[in-house]
Amino acid sequence: MIQISMTNITESKELLMKISEHCENSMQNKEYSNLSKLPYKVMTFVNSMNWRMKECGEAALLLLESDYTHPALMLIRSAMENAAIIISLADVIDDVIERKNVSAEIDKKLMLLLFGNNYRKDDPFIGIDDTLYKAERIGKHVKRAEVLYPGFQRYYSYLCEFVHPNYDGVSQSYSVLHIDEDYTTFGPNLKSSHELYDAFTITLVLALSIYLDQIQSIEDNLENFIHLCDIDIVKTMANDK
C-alpha cells in the first residue's frame with residue numbers, strides 16, 4: 001500500500017512541475033489584444049489560478065509527506081474545486097469558438113469568475129461595488145466536472161465528509177473505540193498506513209491531472225478566442241459609426 005501511495009505522490013510532484021511551467025510572474029495588460037478586454041480577463045484568471053493550484057498542491061504534498069493527512073485533505077478538496085472552476089472557464093472559451101460569436105453573457109461570466117463573492121451588501125467591511133457579482137455555488141461547477149470526468153463528484157463528496165466535522169472528519173479521523181478492552185484512544189488515525197490513504201492521494205493526482213488538461217485546452221484555444229473577440233470589437237465599432 002505504501003509503495004502505491006508513494007507512486008501517487010511522485011506523480012503529483014510531476015504534475016505540479018508541469019503546472020509550474022504555466023505560472024507567469026507578470027503580463028502586459030494588452031499583451032493578448034489591443035482591442036478586446038476579454039482575453040485579459042481570461043488570462044488574469046488563468047494566471048492567478050495557476051499560482052493558486054501550484055501552492056495548493058505543494059502544500060498538500062508537504063502535509064502528506066509529514067503524515068498530516070487530515071489537514072492535507074482540506075487542500076486536496078480545494079484542488080478539486082480549482083479543477084472544477086477552471087473547467088467552467090474552458091467552457092466559456094469553447095462556447096465562443098463553437099458559436100463563432102461573442103455574446104454579452106461571455107463578459108458577465110468572466111466578471112463573475114473574477115469578482116464573484118458572497119459578501120452581504122450591508123457588510124460595513126467592504127464597499128458596495130464588491131457585491132455586484134454573487135459567486136455561484138461550487139456544487140454547480142462540480143456537477144459540470146462530473147459530466148466530463150465521471151466519478152469526480154463522488155470523490156469530491158468523499159473528501160467533504162472528511163473535511164467537514166462529520167463522523168469521518170472527527171471520530172473516524174481522531175478516535176478509536178476498543179470495545180473488548182472497554183476504552184477509547186485519541187489522536188490522528190489517517191496515517192500513510194491507513195486503508196484510505198491511496199484513495200486520498202489518487203484524488204490529488206486526479207485534481208492536478210484534470211486541471212492541467214483544462215489549462216492546456218484553454219491555451220490551445222486562446223488564439224482563436226482572441227481572434228473572435230477582436231472581430232466582435234471591430235464589428236461593434238463599425239456599427240457605431
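Start by selecting helix α2, residues 38–65: its 28 residues at 1.5 Å each should span 40 Å, and the end C-alpha atoms are indeed 40 Å apart. (The expected span is 1.5 Å times one less than the number of residues; helices are DSSP runs of H or I with at least four residues, numbered from the N terminus.) Just after α2, click on aspartate 67, whose phi is positive, near 65°.

Before moving on, a word about what you are viewing: this is a predicted model, in which local features need pLDDT of at least 70 and side-chain atom pairs pLDDT 80 or more, while totals for chains, interfaces and linings use all residues. Residues are numbered from 1 along each chain as its sequence is written, and side-chain values use heavy atoms, without hydrogens or water.

Stay on α2 and select lysine 54 with glutamate 58, whose side chains meet in a salt bridge at 3.0 Å, N to O. (A salt bridge is a side-chain nitrogen of Lys or Arg within 4 Å of a carboxyl oxygen of Asp or Glu.) The two are 4 residues apart, about one helical turn. Lysine 54 is buried at 17% relative accessibility, whereas glutamate 58 is partly exposed at 31%. (Buried means under 20% relative accessible area, exposed over 50%, partly exposed in between, using a 1.4 Å probe and protein chains only.)

Next, pick lysine 41 and aspartate 107, another salt bridge, with the closest N and O atoms 2.4 Å apart. Lysine 41 lies in α2 and aspartate 107 in α4, so this pair ties together parts 66 residues apart in sequence.

Now jump to arginine 144 and aspartate 91, which form a salt bridge with the closest N and O atoms 2.7 Å apart. Arginine 144 belongs to α5 and aspartate 91 to α3, 53 residues away. The whole structure holds 6 salt bridges.

For a change of chemistry, which of the 2 aromatic pairs should you visit? Show phenylalanine 162 and phenylalanine 200: they sit edge-to-face, 5.2 Å centre to centre, with 80° between the planes. (Rings of Phe, Tyr and Trp, the last by its six-membered ring, pair if their centres lie within 6.5 Å; planes under 30 degrees apart are stacked, over 60 edge-to-face, the rest tilted.) Phenylalanine 162 is in α6 and phenylalanine 200 in α8, 38 residues apart. Phenylalanine 162 is buried, at 6% relative accessibility, and phenylalanine 200 is buried at 6% too.
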